[in-house]
Amino acid sequence: MNIFDRMMSLDRRWVFLFLAVVCVITYIVDFQIPIRVESEVRTIHEFIDTLKPDEIVFIAIDYDPNALAELHPMCYAVMEHCFRKNLKVIITALSQNGPGMAEQAILDISDSLKLDREYNGILYEGREIRKGVDYAFLGYKPYFALVILGMGQNFRLPFPTDYYGTPLDSIPMMQGVQNYDQVACVVDLSAGNITDAWIAYGQGRFYFPLALGLTGVMGADYYPYLNSKQIFGLMAGLYGAAQYEELADNPGLAKDGMRIQVYAHLVIIFFILIGNIGYFMSRSEKKRQGR
Amino acid sequence: MRRQIPLALVFIFGVFMIFQYFVPHESSEWIYEFLLDWIYIIGIFALALGIWSLIRVSVAKIKTRKSGWGYPVITMAGLFLMILFGFTGYRDGSWGFHFMTAEGLSNPMFRNFFDYIMIPIQSTMFALLAFFIASAAYRAFRARNVLASLLLVAALVVMLRFNPYLGPFGTIIADTASWLLNVPNLAAKRAIIIGIGLGMVGTALKIILGIERGYMGKG
Amino acid sequence: MKCKSLVILLFVCGFFALAAAEEGSGPPDSTHVDSIPPPTPVSMLTARDSENDHGHSVTLMWELSTDDGAGQNSVLSYEIFRWVPFFMDTLQSIRDSLAGAEGTIAEQLRKRRDQAIAMIPGAHKSYPEQGGWRKIGTALSGQSSYEDVGVKDRGSPDYMADHTDYYYLVDAVTADPAIRAPSEIVGPVQSFGQFFNTGRIPVFVAVLVFGLLTILFVTRARRGAELYVRPLAGIEAVDDAIGRATEMGKPILYVLGLGSAADIGTIASFTILGRVAKRVAEYQTKLIVPCYDPIVMTVAQETVKAAFLDAGRPDDYYEDIVYFVTQSQFAYVAAVNGTMLRELPATNMYMGVFFAESLILAETGALAGSIQIAGTDQVAQLPFFIVACDYTLIGEELYAASAYLGREPILLGSLKAQDYAKAAVIILAALGLLAASLNWTAFINLFSVTS
């Protein structure tokens, strides 16, 4: 086996090792990379940025811990932006392991909002985020398609109480809030087929403005919906989260993660090129030898 | 009779659900909401059946000491441990039997298992994708023919889309990648989605009309 | 003397000049409250039942006040009023008492509440004596419609009874809320639910046409018509893959995916599983079917059992061929990967609904040296299966697989109906492109669907 044959048929463990080493090094060495913002993320940021105080944003945290790396930074960036703008937030978690992460996100963001901070040159004073006044966390219910349909009639149908057992009618911010008609927009953060249910059963039936935050793998498949205006914005993968952090002037995990992703892509490209060089050289070698 | 009743039920409810989409009246809504409630109930019973199946298979593997029988031991341990944590806990100054699952993740043991076992394990499994993508890309992206070469070039362009080190070429590559995603990718995906949509409607009609009976346990 | 007269004359002229200047300076500033004259009211106010809904909603429409964006330009908003009988206060006080009540008192209050709710239509007939106008909403200047939406939940304070007389009026309001112009009163109008949503007629027609096409081709197939379908490499490889497993003495792993039993992809997979299980029973090869969903597991068990019975080998079937693993995505993948690396199946079949775990499954299968045939309707996962598997069924090819494997005329007939429907979609898409380019809005509107 000559060198070109070896290049063409490397043991996959070399690929894994090289990738792991590059990921660890780029994680340890702290540096920022510039982020280019795309229009589909900008529309979400601008939509939320131009809402008036006390308007309601519905954030659906529909992912499991396996998609934490890509979607949690999006969740933090969007939710913090909403609270900074004094918007009210209704949160659901329609995947089984979602409620734990949603609760963790709410607590972390509440802590961060207690401090005065400047975003895009504007000083936002620290404040207390109050359960039931600034946000309502409805929790998890199985069979997400049915829940999405039910909420179109009335939030109280699938969720008579919130995650903590308080009847929705007793929650101050839910007074007069029946269904999607009272909500300015829905932002669905999802890593699975719950997104399709939001589009088909949610937006398709009740016509509310819907924005999606998806894993990178799924992102490419939802451009048709952006084009047909069934969704007004799309954040795909870690890069989408990094763009939102860039727009909100709120650097976090996504911007840190992007430097690892950029170098990981370079490693993959390197191995693809190695494989192709090996393939072509090996083929021409065989042709030369008359095989 | 054993076959006719399920077929009749499927036909009646299938046709009803089609018409329900077109009938906004309250009476159709009421039946629809009633059916939705029943789906929850059936799902819970099915879950109990599933857990029984898992226990039976795992215990059989442990009893016969089949190769890799340690894994079913861990599976059973995890299952029964979480049930135990759901029924015991520290409350009012003492340990004892309390129905802790009603508190959900505010129960410290649930919380610990979730934060220190579930989240790391699931994130690790998802992270495996990065390595598998690298090895799959290395194996599959070979310029064997024209179409494969096009695939290779498109993949390279989209991967370099986020790269900030390409200088003036970066904008050209980013715009090309956007064009690839918004034009050919969109066209192909739309065509596939339309085909899938029609296939879904066709299959659903076959099920409602009783032509397709695979779900009943006989093809 | 002359100077004095001149001064007086100048003063008088100045006075008149000032007065003239003030007159010509235009209408008074509307922000100055003192100077706002009453605006003109809205005209042509109509109220009708909202269309295509389940009832409990009335739509109001009006012509804008002439002082909205024109004329005095003083109208800032419109306030909408509904006549509400005093009786509704009694009902509300019963609801308020019910909120804190428990036990038998709550039972009694609920009875009183329900009795009161039944009296709502009658109470509304006491217009105008036994009630008053209540503001129910606001519309901004420039808006000429408002939808008064109530709820159907009789226990809710926002309950709006159907078949009940409602009366409305609309006030054009200026910067000073006290300065406003009420419209004519409109009513009685009643809300009620519709039995057909006319906004979805295009969908209804499409469903009817597709259904008729299916019935037509199925009928033709039953009468023995030859129906050509193009060959699918993935389907043709199934038999070879099962044969390979038998020769090697290794099992076949069949993964139904992560969908529920209601997903069309999973239902299509059941049919394929049935055919595969029958072959497996005939060849006496081992079959492993780990399941993600408990309902899917029960259906798959019935499918495999029936297949073994069909093959004449009911005794070879045992319950643990099909088993439940877990409903957690990556835990399921970890379990299936472990099975693959321990059992080293000769053939892996992934048929159904898959998500991010697809590449992990396929790469591990490649590592284990298995032949892999995949089929999914999840467009995002197709690239991973295509890259890592030997054969892939793309999208609707998965649904068509049952027709291919059985070659039953009825199933092939329904496949032809899909093909003709697709041809119709292509033609309509081309016509739509033409219509959009030439601005044939009438044609485009034929296909628009509203809520």
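Trainee: Before the order of elements in chain B is read, what counts as a helix or a strand, and in which order do the elements of chain B run?

Mentor: Helices are DSSP runs of H or I with at least four residues, and strands are runs of E with at least two, numbered from the N terminus. In this predicted model, chain B holds 7 helices and 2 strands. From the N terminus on, its elements run α-α-α-β-β-α-α-α-α.

Trainee: What percentage of the accessible surface of chain B belongs to carbon and sulfur atoms?

Mentor: Chain B has 219 residues, and buried residues make up 38% of them. Its accessible surface comes to about 12300 Å², and the part belonging to carbon and sulfur atoms is 77%.

Trainee: Which element of chain B helps to cover the buried residues of helix 9 of chain C?

Mentor: Helix 9 of chain C spans residues 329-343 and reaches 21 Å from its first C-alpha to its last, close to the 21 Å expected. Its buried residues include Phe330(C), Tyr332(C), Val333(C), Val336(C) and Met340(C). Their cover includes strands 9, 10, 11 and 12 and helix 10 of chain C, together with an element of chain B, namely helix 4 (108-140).

Trainee: Which residue takes a positive phi just after helix 9 of chain C?

Mentor: Helix 9 of chain C covers residues 329-343. Just after this helix, a positive phi of about 45° is taken by Leu344(C).

Trainee: Is Thr285(C) buried or exposed?

Mentor: Thr285(C) lies in the loop between helix 7 (264-283) and strand 10 of chain C. Leaving aside neighbours within four places in sequence, Thr285(C) is in contact with Ala245(C), Thr246(C), Lys250(C), Ile252(C) and Val280(C). The relative accessible area of Thr285(C) is 11%, and the cut-off for burial is under 20%; therefore Thr285(C) is buried.

Trainee: Between which domains does the largest nonpolar core lie?

Mentor: The largest nonpolar core has 62 residues, and Tyr254(C), Leu256(C), Leu287(C), Val289(C) and Val304(C) have the most contacts inside it. Helix 7 of chain C gives the most to this core, with 10 residues. Two domains of chain C both give residues to this core, so it lies between domain 2 (198-225 + 412-445) and domain 3 (233-407).

Trainee: Which residues does Val289(C) touch, not counting residues up to four places away in sequence?

Mentor: Val289(C) is among the residues with the most contacts inside the largest nonpolar core. Beyond four places in sequence, Val289(C) touches Tyr254(C), Leu256(C), Leu273(C), Ile321(C), Val322(C) and Tyr323(C).

Methods: Residues are numbered from 1 along each chain as its sequence is written. Chains are lettered from A and ligands numbered from 1 in the order in which they are written. This is a predicted model: local features need pLDDT of at least 70, side-chain atom pairs count only at pLDDT 80 or more; totals for chains, interfaces and linings use all residues. Side-chain values use heavy atoms; hydrogens and water are left out. Buried means under 20% relative accessible area, exposed over 50%, partly exposed in between (1.4 Å probe, protein chains only). Accessible areas come from the Shrake-Rupley method with a 1.4 Å probe; for residues, only the protein chains shown count as cover. The expected span of a helix is 1.5 Å times one less than its number of residues. Contact means heavy atoms within 4.5 Å. A nonpolar core is a set of buried Ala, Val, Leu, Ile, Met, Phe, Trp, Tyr and Cys residues joined through side-chain atoms within 4.5 Å. Domain bounds come from an automatic or database domain assignment.
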